[in-house]
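User: I am new to this structure and would like a close look at a single part of it. Please choose one place where two helices pack together, explain how the packing is described, and then set it beside other covered parts of the chain.

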Amino acid sequence: MTQHVILLHGLWMRGFALGMLHRRLIADGYRVHRFDYLSVASSQQRILARLQARMAEYAPDAVHLVGHSLGGLLALRACVDAASLPPGRVVCLGSPLKGSAAARAFSAWGRGGEVLLGHNRDLLEQGFERWDGLREVGVIAGRLPLGLGAMLGQLDGEHDGTVAVEETRLPGVADHRVVEANHTGLLFSQEVARQVDAFLRHGRFDPAVA
């Protein structure tokens, strides 16, 4: 069975930011596709409909999702009621699955902050209570504290400069790993790419790559 991977970028980004991870996963034998969307301007309903349609195109092959930051949240949202979608796993990279303190700080600025977060504001601010979906989900968080969220002063404990490690620890996920990378650096880390490959193949991260 062919193993497809759909990559989802985060807030204020576009698909080209995923180029390094894209190339590494191709080298690991996957058929890799980048899902580009307007993270601020597009409605969540439209994004999810497009993503689910793209997944359905590759059926009956396996279709995995790998989402960075907001992309991970959208990947989970698309798979909440995913019985009709092709089989596959999900890996979230630096995704504030329990809600983002940095996003809530932006909203506190008023209308300007709300505009910066766009139609996915509620999802970013609130996240999920737990994961009860059918798909196995793995989460990789960073703990190199360099980024915009750190400057806002809203992050407690270990964080990647934008998202706190604790914000990524969603009850119900299959595995969780913390690496030495900042929020954007998760996309360029060779270790992260190896761990993504391990989870997509086995449903667990590789304990030998710590």
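Analyst: A crossing of two helices is called right-handed if the near helix is turned clockwise from the far one by less than a right angle, and left-handed if the turn is anticlockwise. With that in mind, and remembering that this is a predicted model, we can turn to helix α1 (residues 19-27) and helix α8 (residues 190-202), whose crossing is right-handed.

Two packed helices are described by the angle between their axes and by the distance between those axes. For α1 and α8 the angle is about 45°, and the axes lie 10 Å apart. Angles from 65 to 115 degrees count as roughly perpendicular and those under 35 as roughly parallel, and α1 and α8 are therefore oblique to each other.

The residues that meet are Leu21, Arg24 and Leu25 on the side of α1, and Gln190, Ala193 and Val196 on the side of α8. Sorted by character, the residues of this contact comprise 4 nonpolar, 1 polar and 1 charged. An α-helix has 3.6 residues a turn, so residues three or four places apart point the same way.

Within α8, alanine 193 deserves a closer look. Leaving aside residues up to four places away in sequence, alanine 193 touches Leu21, Arg24, Leu25 and Asp28. Its relative accessible area is 3%, and because buried means under 20%, alanine 193 counts as buried. By contrast with these contacts, the C-alpha atoms of alanine 193 and aspartate 122, which are 71 residues apart along the chain, are separated by 29 Å.

A second covered place is histidine 176, which sits in strand β6 (residues 175-179). Histidine 176 has a relative accessibility of 19% and therefore also counts as buried. Its side chain makes a polar contact of 2.7 Å with the side chain of threonine 168, and another of 3.4 Å with that of arginine 169. Apart from residues up to four places away in sequence, histidine 176 touches Val139, Ala141, Val165, Thr168, Arg169 and Phe205.

Finally, helix α3 (residues 70-79) shows burial on the scale of a whole helix, since 9 of its 10 residues are buried. Among them are Leu70, Gly71, Leu73, Ala75 and Cys79. The elements that cover the buried residues of α3 include strands β1 (3-8), β3 (62-68), β4 (90-93) and β5 (137-142), together with helices α2 (44-57) and α6 (121-126).

Methods. Residues are numbered from 1 along each chain as its sequence is written. This is a predicted model: local features need pLDDT of at least 70, side-chain atom pairs count only at pLDDT 80 or more; totals for chains, interfaces and linings use all residues. Side-chain values use heavy atoms; hydrogens and water are left out. Axes are lines fitted to C-alpha atoms, for helices over the stretch in contact, and angles run from 0 to 180 degrees between N-to-C directions. Helices (H or I, at least four residues) and strands (E, at least two) are DSSP runs, numbered from the N terminus. Angles under 35 degrees count as roughly parallel, over 145 as roughly antiparallel, 65 to 115 as roughly perpendicular and the rest as oblique. Contact means heavy atoms within 4.5 Å. Ala, Val, Leu, Ile, Met, Phe, Trp, Tyr, Cys and Pro count as nonpolar, Asp, Glu, Lys and Arg as charged, and the others, Gly among them, as polar. Buried means under 20% relative accessible area, exposed over 50%, partly exposed in between (1.4 Å probe, protein chains only). A polar contact is a pair of N or O atoms within 3.5 Å; within protein, one must be able to donate a hydrogen and the other to accept it, and residues adjacent in sequence count only if both atoms are side-chain atoms.
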